[in-house]
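Open the model in your viewer and keep a selection box ready. This tour goes stop by stop, with what to select and what is there.

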Amino acid sequence: VSTQSTGKLNKNPLAQIVNSLVSLIEQNVELCKCAAGKMDQLKSDKIADQKLLIELQKNQINSVQETVKSEMKSWADVVKKNVNLNQRNAKPLTENSVKQAVRAVNEEKKRSKNLMIYGWQEKEKEADFEV
């Protein structure tokens, strides 16, 4: 800003400063409007993404609930199924089958008490020795 000899301000330089200031403010307002629009768009995108995420989580929860309902069985159901399978596949219980089972257990018990020494000749009376 220049002054003339009489001490007054010159209007031309002052008008140019005010004009450039107004132009700068207008550009700033346009930039702020653009930024506000971009922020609104980002907020809308975030809300849409959150809704999609919530929907996917609900679908996952529903899927897990359906799996639990269809796959989980109570202990009683498992036992009942096993008993039914065993009854279909098992032979009927007879006196002879019980005797065979007892003999097998006794044989196993006898074998667990046997002592073998390799290189030692077995004699007939030692063969029937029981502990």
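Start with the whole protein chain and switch on its surface. About 13100 Å² is exposed, and carbon and sulfur atoms supply 57% of that area. Now look for a core: buried residues make up 0% of the 131 residues. The model is predicted.

**Colour by confidence**

Colour the chain by pLDDT. The average is 80, and 74% of the residues score at least 70. Which helix has the highest confidence, and which the lowest? Helix 1 is highest, at 92, while helix 4 (residues 124–127) is lowest, at a mean of 59.

**Switch to cartoon**

Next, show secondary structure. The protein chain has 4 helices and 0 strands. Trace the chain along the sequence and the pattern reads α-α-α-α.

**Helix 1: the nonpolar patch**

Select residues 11–71, which make up helix 1. Then narrow the selection to Leu21, Leu24, Ile25 and Val29. These residues form a nonpolar patch on the surface. Together they have about 360 Å² of accessible area. Centre on Leu24, which lies in helix 1. Is Leu24 buried or exposed? Leu24 is exposed: its relative accessible area is 52%, and the cut-off for that class is over 50%.

**Helix 1: a salt bridge**

Move on to Glu30 and Lys33, and show their side chains. The two form a salt bridge, with the closest N and O atoms 4.0 Å apart. That distance counts because the rule accepts a nitrogen within 4 Å of a carboxyl oxygen. Side chains of opposite charge can pair when their charged atoms come close. Both residues lie in helix 1, 3 residues apart, or about one turn of the helix. Check their accessibility too. Glu30 is partly exposed at 48% relative accessibility. Lys33 is exposed, at 53%.

**The cysteines on either side of Lys33**

Select Cys32 and Cys34 and display the sulfurs. How many disulfides does a search of the whole structure find? The count is 0. Why is Cys32 not bonded to Cys34? The closest cysteine sulfur to that of Cys32 is in Cys34, 9.9 Å away, which is too far for a bond. A disulfide needs the two sulfur atoms within 2.5 Å. Run the check from the other end: for Cys34, the closest cysteine sulfur is in Cys32, again at 9.9 Å and too far. Now colour the pair by accessibility. Cys32 is partly exposed, at 46%. Cys34 is exposed, at 53%.

**Helix 3: another salt bridge**

Jump to helix 3, residues 95–113. Select Glu95 and Lys99. Their side chains meet in a salt bridge, at 3.3 Å from N to O. Both residues are in helix 3, 4 residues apart, about one turn of the helix. Glu95 is exposed, with a relative accessible area of 59%. Lys99 is partly exposed, at 41%.

**Last view**

Zoom out and keep both charged pairs displayed. The structure's count comes to 2 salt bridges. One is Glu30 with Lys33, and the other is Lys99 with Glu95. Finish on helix 4, residues 124–127, where the mean confidence is 59.

Technical notes
Residues numbered from 1 in each chain as written. Heavy atoms only, no water. Patch = residues over 30% accessible without salt bridge, like charges linked within 9 Å, V, L, I, M, F, W, Y side chains within 5 Å. Areas by Shrake-Rupley, 256 points an atom, 1.4 Å probe, with all protein chains shown as cover. Helix = DSSP H or I, 4+ residues; strand = E, 2+ residues; numbered from the N terminus. Buried < 20%, exposed > 50% of the residue type's maximum accessible area, 1.4 Å probe, protein only. pLDDT = per-residue confidence, 0-100.
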